[in-house]
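This report takes up one helix packing and two unusual backbone angles. Start by looking over the structure.

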Amino acid sequence: ERHQRVRINVLLGLDEDLAGAGYNVHQSEIAIGSGGLQGKGFLNGTQTKLKFVPEQDTDFIFCTVGEEEGFLGSAGVLLLFLALILRLMHLAERQPYKFGRIYGYCVLSVFLFHLFINVGMVLGLTPVIGIPLPFFSYGGSSLWGFTILLFIFLRIDAGRNLEEARILQHKKMTSEIRLIGIFRYFHSDVAYTRKNFSLHIMADGDMDGIASVYLIDIDREVV
């Protein structure tokens, strides 16, 4: 499309249309630059307050942060996104199944792509394509979309904990069954049922070097 070619030309410096295709980016750069180190204060930005920057609540909301909160506020926002991305990477790596790992990296890629494109177009590093900044840009559809993506992944991670607990319980039950089998081998006159008991293992040299197994608080019946 023609407007897309114009935006790319403005990005590459081949065309300076400050009153047309390059107006948004030019005003955004002025707003961020005027913020300085600490910014002008909350709701005190001149470029944003006087509506020089179009779409400052949605696509260009990062320039509002830069003007009102300055370099420190902008760096803080980027650090928060960095922490979120690193956390998503950690959660994705610990998934036991391939689906959970792939889905986690897909969610991470969506957040990273939106962050890079949005901040890049506000700073004049990428073409203006109208991508919202996750959890910052105004709009119900984007907020719902990012929230659903994130919470589905959190539910998958919670299922991982339940699956690990189930595997550990299965291993524990298997060990108990084996121990009961060893005990009954050396005590064939007593039948033990698995109900409300605890196991204690002591290696005391009995039974030809095999550890003695003591079962406490169990139901038993003499055969």
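Helices here are DSSP runs of H or I with at least four residues, numbered from the N terminus. The model is predicted.

**Helix packing**

Two packed helices are described by the angle between their axes and the distance between the axes. Helix α2 covers residues 23-35, and helix α5 covers residues 98-123. They pack at an angle of about 90°, with their axes 7 Å apart. Angles of 65 to 115 degrees count as roughly perpendicular, so α2 is roughly perpendicular to α5.

Which residues make the contact of α2 with α5? From α2 come V25, S28, E29 and I32. From α5 come M121, V122 and L123. By type, the residues of this contact divide into five nonpolar, one polar and one charged.

**Positive phi in two loops**

Most residues other than glycine have a negative phi. L43 has a positive phi, and is not glycine. K51 also has a positive phi, and is not glycine.

| Residue | Phi | Loop | Relative accessibility |
|---|---|---|---|
| L43 | near 65° | between α2 and α3 (46-49) | 46% |
| K51 | near 65° | between α3 and α4 (61-93) | 64% |

Are these residues buried or exposed? Exposed means over 50% relative accessible area, buried means under 20%, and partly exposed lies in between. L43 is at 46% relative accessibility, so L43 counts as partly exposed. K51 is at 64%, so K51 counts as exposed.

How values were computed. Residues numbered from 1 in each chain as written. Predicted model: local features only at pLDDT ≥ 70, side-chain atom pairs only at ≥ 80, totals over all residues. Heavy atoms only, no water. Axes fitted to C-alpha atoms, helices over the stretch in contact; angles between N-to-C directions. Helix = DSSP H or I, 4+ residues; strand = E, 2+ residues; numbered from the N terminus. Parallel < 35°, antiparallel > 145°, perpendicular 65-115°, else oblique. Contact = heavy atoms within 4.5 Å. Nonpolar A, V, L, I, M, F, W, Y, C, P; charged D, E, K, R; others polar. Buried < 20%, exposed > 50% of the residue type's maximum accessible area, 1.4 Å probe, protein only.
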